[in-house]
Amino acid sequence: MRRSLILFVCALFGLVLKAQVQVSGQLLDAQTGEAIAYALIEVHESGQQTGTDEHGEFRFRVKPGNYHLHIEAVGYEATDYDLVAQEDTTLVFRLKPTFLELQEVLVEDSYSKTQQRKSSLSIEKVKLEDGEGGIGSSLAEVLKKSPGLNAYNTGVGIAKPVIRGFTGTRVAVFDQGIKQEGQQWGMDHGLEIDPFNPQTIEIIKGPGALQYGSDAISGVMKVLPAPFPGEGYSGSYTGIYKSNNNSRGHSLQTAYRHKNQFISGRASYQQYEDYRVPAEEFVYNSFVLPVTDNTLKNTAGKLLSGRLNYGLLKPGFNLRVMLSQYRQKVGLYPGATGIPRAYDVGNIGQVSDIGLPNQEISHTKAYAKLNFKIGNNWLVTDLGFQQNIRRENSRPHAHGFQEIDDNNTLALGLDLNTYSLNAKYSWRAHEFRFNVGTNHQFQQNRRSGWEYLLPDFDRYNGGLFALVEGELDPTWNWNAGARVDYAHMESSQHLQPWFNDPDSLVERSPFLQRDFFNYALAFGLAHNPNEVWNLKLNLARSFRIPVPAELVSNGIHHGTFRHEIGTPNLDSEVGYQADLGLSFTQKALYLKLTPFFNYFENFLYLRPAATFSPLPDAGQLYRYTQAEAIHTGAEFFVEYHPIQALHLSTALEYVHSYNIETGLPLPFTPPLSNLLGAEYIGKINQKQSWSIGGEYRWAAAQNRTDRNEADTPGYHLLHGSLGYKRIFNKLSLRIGLRVENAFDTPYLQHLSRYRILNLPEQGRNIIISLNLKF
C-alpha cells in the first residue's frame, strides 16, 4: 500500500512538471558579445521574475501558453519579447548599451505590452527610488520634472497632476489598476495617494479615453503595482525633513514572501507647520495686507497613510489584494475662503496649529486584481471599492450664517462611494494582437453641512472597447480601436434657506436625470526606419461625459475662493486630436519632439464672470459653459551624456489655447517654461557612489488669459542636490540633500489657487532625506 502511494505521488508530480515547460536563455551585449549578469526578466502575465547569473543565463518554468517578457539591465536599452511557450524553449537576447535613462523604459499596460518605439502614443515612465516620492509636497509635485507635466496646487500638500494644461476630470489617475475617485472636479482636491508608495508611474500624454474611459480625454497617470518581492523578508525606511515648513516625514515598508505567496505593507506619516514665503505683504483688491514673519497663517497639515497587500502567484493565475487608508488634515489660508482681512491674516498664532478653515479627508480603498489563463491567453480583471469622505470646516458666522451655532464648524461634507470593475482579454492571431475589455463604475454621493455646493447624486458609467495591433513590415507598427460608453446620472432637488433669511426657502439645484451615450475612435502609426529614428502619429475622436459638479453645482467652493454654478443641459465634450512624435536616439544623445493639436467642438470649462457672488465672502462668480476651442502645443526634450557620468538635459513645453467663440484664451493655461538639468554621478567603488546636480527652471509670463483672469509674471528658479549611496551586504543606504528655490525668489505660479490672492509660492526649502533598504 505504501509503495503504491509513493508511486501515485511520483506520477502526479510528473504530470504537474509535464504540464509546465522550461524557458531558458542568455543575455548578451549586442556590441561585445559579453554576457550580461544580474539582469531582470519578468513574465508580465504571471508576475514571475528571474535574474541572470554571472554567465548571463536564466531559466524559469511556465504553463504552455502565450506570454510577454520584459528584459531590463542597468546600462542597456530595455526590450520585450512575445513568447509562445508550447514546449521547452531556449532564447538569446542581445541588448544595446546606452547611457540614457529614458531608454530603459517599457510600456506596461497601454494598448498592449510593448516597447516605447512600437507604440503610437506619447508615453513617459517615471521610476522613483523607494520612498523618493515623499521629497515633493505631494505626488503630483514629483512629476513636474517631465516635459508636459505640471501640478495645480493649493498651498502645500494639496495638488493634482496637470498633463498638457489639463487637469481634474480630463486626467484619469489609476492606482494599482483602479481609477482614483476623490471628487477630482475640485481644483483644491488633491490626490489621496501616499507619495512614499509609488515606485513606477506611467504617464500617457494625449487621448487615453479609448481604454480608460471619458475622464482620460487628455491623459492618464497610472501608479503601477510594485513587483512581487523576493523570497524571505525585506523592507525599507524613509525619513524626510523640509526646512521651509519644518516638515517631518517617515515611511516604513516591509514584505515577506514564501514560495508563491507574499504579504507586504507600508505605513507613512507626515506633519508640517505653516510655510514661509519671500514676502512681507501682498495686495488684494487694492488693499495691502501683511504676511507676518514671512509665514502664511494656517497652512500647516498632517498626513497618515497605511496600505496592506497580499499576493498569490500560480502558473495559471496570480492574485493581488490591497487595502489602504489615507487621512489628511490641512489648514487653508484664511483669505482663501473669504475676503482676506488684515486682523485675520496678520496674527499667525502657533505655526504648528491647524485652525479654521481646514480640510479633512479620509480615503479608504479595497482592491483585487486577478490575472488568469484561459487557453493560451490571459484575462485581467480589477475589482475595487473606494470611500472618499471630505470635510471642509469653517466658522458659520464668518460666512453670514449668524443663526447657526458658531461651534458647528462643518461647512461642507461630501461622502462619495465608488464601485469599479475592469476586465480585459488579450490574444494573438495571424500576427495581430487583439484586446477587448469593459469598464464599469457606480457612484453614490451624499452631502452634509450648513453650506451648499453639490446635491446628493447617483451615477453609473459603463463602456466597452476593442483594440487591434499589427505590423505592416518590420519598420511599421499600427494600432486601431473603438469604444462606446453609456452614463446615467440622477441628482436630488435641493432647497435651502437664503443665508440671511432663515425663514426663506430657495431652490439651489433642481432634480436632474440625464443619460449620455458616446463613442471614441483611434488610429496610430509608429515607424522605426532604423535604430536611431522613431516617428509616431496618433489620431483620435474622444469624448468626456460631464460630471455632476458641472451640471448641478450652485454654491461657494471655499477651497478655491469662488462661487461655482453648474449648467444642467451641458452635452458630452467631444474632441478631435492629433499627436505627433519624433525622436532621435544614439548611445549618449536623445532628442524628442512631441507636438499635439486638439479641436473641441464643445469644450466644457469653468468661466470666470465679471461679477462677484451675492453670497457673503464668496469671491468671484464662475459658471460652467461650453464653446468651440483649440488646444495645441508641443514638448521638446534633450538628454546628453558627454561622458557616461555626466547627465545634461533640457525640457521645454508650451501650451496654446484659443476659445473660438470669444476670441480669448481658455482659463488656467500654463505658461511657456523650460527646465535645464545637470547631474554628475561619481563611483567610489562597486558599493559606493555619490552625485551632485542642479536645475534651472524658467517660466515665461502668462499674458494670454481669459476675461477676468489675472496675468502672471514670469520667474526664474534654481535648485541643487547632493546624494550618496552605499551597499552593505544585505543593507543599502541612500542619503540626499536638496535645495529648492535656492535664492528665495518671490514668484507667482499661474496654476495655483493662491494666485488669485497674489500670494507667492514657497520660499527657500532645504530637504534632507534618508533611505535604508534591508
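How accessible is Glu740: buried, partly exposed or exposed? In this predicted model, Glu740 counts as partly exposed, at 24% relative accessibility.

## The Glu740–Arg738 pair

The side chain of Glu740 forms a salt bridge with that of Arg738, with an N to O distance of 3.0 Å. Arg738 counts as buried, at 13% relative accessibility, because the cut-off for that class is under 20% relative accessible area. Glu740, at 24%, falls outside that class.

## A five-stranded open sheet

Five strands form an open sheet in the order β10-β15-β16-β13-β14, and their pairing is mixed. The edges are occupied by β10 (122-127) and β14 (178-179); each has a single partner strand, so one side of each lacks a neighbour in the sheet.

Strand β13, which spans residues 171-175, runs antiparallel to β14 and is joined to it by two bridges. Phe174 has Lys179 in β14 as its bridge partner.

## Salt bridges

The structure contains 27 salt bridges. In one of them, the side chains of Glu72 and Lys127 meet at 3.0 Å, N to O. Glu72 belongs to strand β5 (residues 65-72) and Lys127 to strand β10, so this pair ties together parts that lie 55 residues apart in sequence. Both residues are partly exposed: Glu72 has a relative accessible area of 23%, and Lys127 stands at 42% relative accessibility.

A salt bridge of 2.7 Å, N to O, joins the side chains of Asp175 and Lys365. This pair links distant parts of the chain, with Asp175 in strand β13 and Lys365 in strand β24 (residues 358-374), 190 residues apart. Asp175 is buried, with a relative accessible area of 0%; Lys365 is also buried, with a value of 1%. In addition, a network of salt bridges links Glu124, Arg164, Lys205, Asp579, Lys592 and Glu635.

## The surroundings of His750

His750 is located in the loop between β43 (731-740) and β44 (765-773). This histidine, His750, is buried, with a relative accessible area of 8%.

The side chains of His750 and Glu709 are joined by a polar contact of 3.2 Å. When residues up to four places away in sequence are not counted, His750 touches Phe668, Thr669, Pro671, Gln702, Thr705, Glu709, Ala710, Thr712 and Arg755. Glu709 thus appears both in the polar contact and among the residues touched by His750.

Note on methods
Residues numbered from 1 in each chain as written. Predicted model: local features only at pLDDT ≥ 70, side-chain atom pairs only at ≥ 80, totals over all residues. Heavy atoms only, no water. Pairing = 2+ DSSP bridges. Helix = DSSP H or I, 4+ residues; strand = E, 2+ residues; numbered from the N terminus. Buried < 20%, exposed > 50% of the residue type's maximum accessible area, 1.4 Å probe, protein only. Polar contact = N/O pair within 3.5 Å; in protein donor to acceptor, adjacent residues only side chain to side chain. Contact = heavy atoms within 4.5 Å. Salt bridge = Lys/Arg side-chain N within 4 Å of Asp/Glu carboxyl O.
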